[in-house]
Amino acid sequence: MVNLKYELFETPGIVNTKKTLELAAENAKQLEIDKIVIASTMGDTIKEALNFFNPKKTQIVCVTHNYGFREGINQTFPEELKKELHEKGVEVVSGTLALSGIGSALLRKFQYFDMTTMFAKLIRTIICDGLKVGIEIALMAVDAGKISMGEDILTISGTGRGADTCCYLQAASSRLFEKLRVKAILAKPK
């Protein structure tokens, strides 16, 4: 029998990073999951995650923002860190955000919600930012060929910076999004 650990944080954000990673490591062991997908914008979360997960024993995929995500900044994730992570066995994916992309530009420029942007906003509003990001990074990792369709994974994501959400998912590609399954939300803010 699996004894999963859950956490409901009082507030969202970076203050929950260590506890979220600790919880993810415990649950990964319980579930015998050896594939972890982690959102990291500037590198802090993935660096902290390496204190909890060994890339020689666990496949770790770090998902960053796409290039050109912020105007005037080519990439927020340090290139040198990408090289260091690659040498340690961590795979880094920088791709178009599966639930944003062009839709976020339409919203910013014209205040127009396309269906994908509306769906992302709905997940953020009724559950939490981290679930939206967790689903998104799972899709992106499969789209990039780093995780296979149907594999059970844990995602670690958050609200803004840091980690406050951990999900147990069955992964899918963005093209086959309807096959993704959220099996459990193991940590999230209220």
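**Helix packing, a surface patch and two strand residues**

Met115 is exposed, with a relative accessible area of 66%; here exposed means over 50%, buried under 20%, and partly exposed in between, using a 1.4 Å probe and protein chains only. The model is a predicted one, so local features need pLDDT of at least 70 and side-chain atom pairs pLDDT 80 or more, while totals for chains, interfaces and linings use all residues. Residues are numbered from 1 along each chain as its sequence is written, and side-chain values use heavy atoms, leaving out hydrogens and water.

Met115 sits in helix α5, residues 115–126. Helices (H or I, at least four residues) and strands (E, at least two) are DSSP runs, numbered from the N terminus. Together with Phe113 and Met118, Met115 makes up a nonpolar surface patch with about 330 Å² of accessible area. Accessible areas come from the Shrake-Rupley method with a 1.4 Å probe, and for residues only the protein chains shown count as cover. A patch takes residues with over 30% relative accessible area and no salt bridge, joining like charges within 9 Å and nonpolar side chains (Val, Leu, Ile, Met, Phe, Trp, Tyr) within 5 Å. A salt bridge, in turn, is a side-chain nitrogen of Lys or Arg within 4 Å of a carboxyl oxygen of Asp or Glu.

How do α5 and α6 pack? Helix α6 covers residues 129–143, and its axis lies 6 Å from that of α5, at an angle of about 135°. Axes are lines fitted to C-alpha atoms, for helices over the stretch in contact, with angles from 0 to 180 degrees between N-to-C directions. The two helices are therefore oblique to each other, that is, outside the ranges for roughly parallel (under 35 degrees), roughly antiparallel (over 145) and roughly perpendicular (65 to 115). On the α5 side, Ala120, Ile123 and Arg124 make the contact; α6 brings Asp129, Leu131, Lys132 and Ile135. Contact means heavy atoms within 4.5 Å.

Now for the strands. Ser157 belongs to β5, residues 152–157, and counts as buried at 1% relative accessibility. Beyond neighbours within four places in sequence, Ser157 has contacts that include Ala39, Gly130, Val133 and Asp164. Ile185, in β7 (residues 181–189), is partly exposed at 28%. Outside that same four-place window, Ile185 touches Tyr6, Ile127, Leu131, Cys166 and Cys167. The C-alpha atoms of Ile185 and Cys166 are 6.2 Å apart, with their positions 19 residues apart in sequence.
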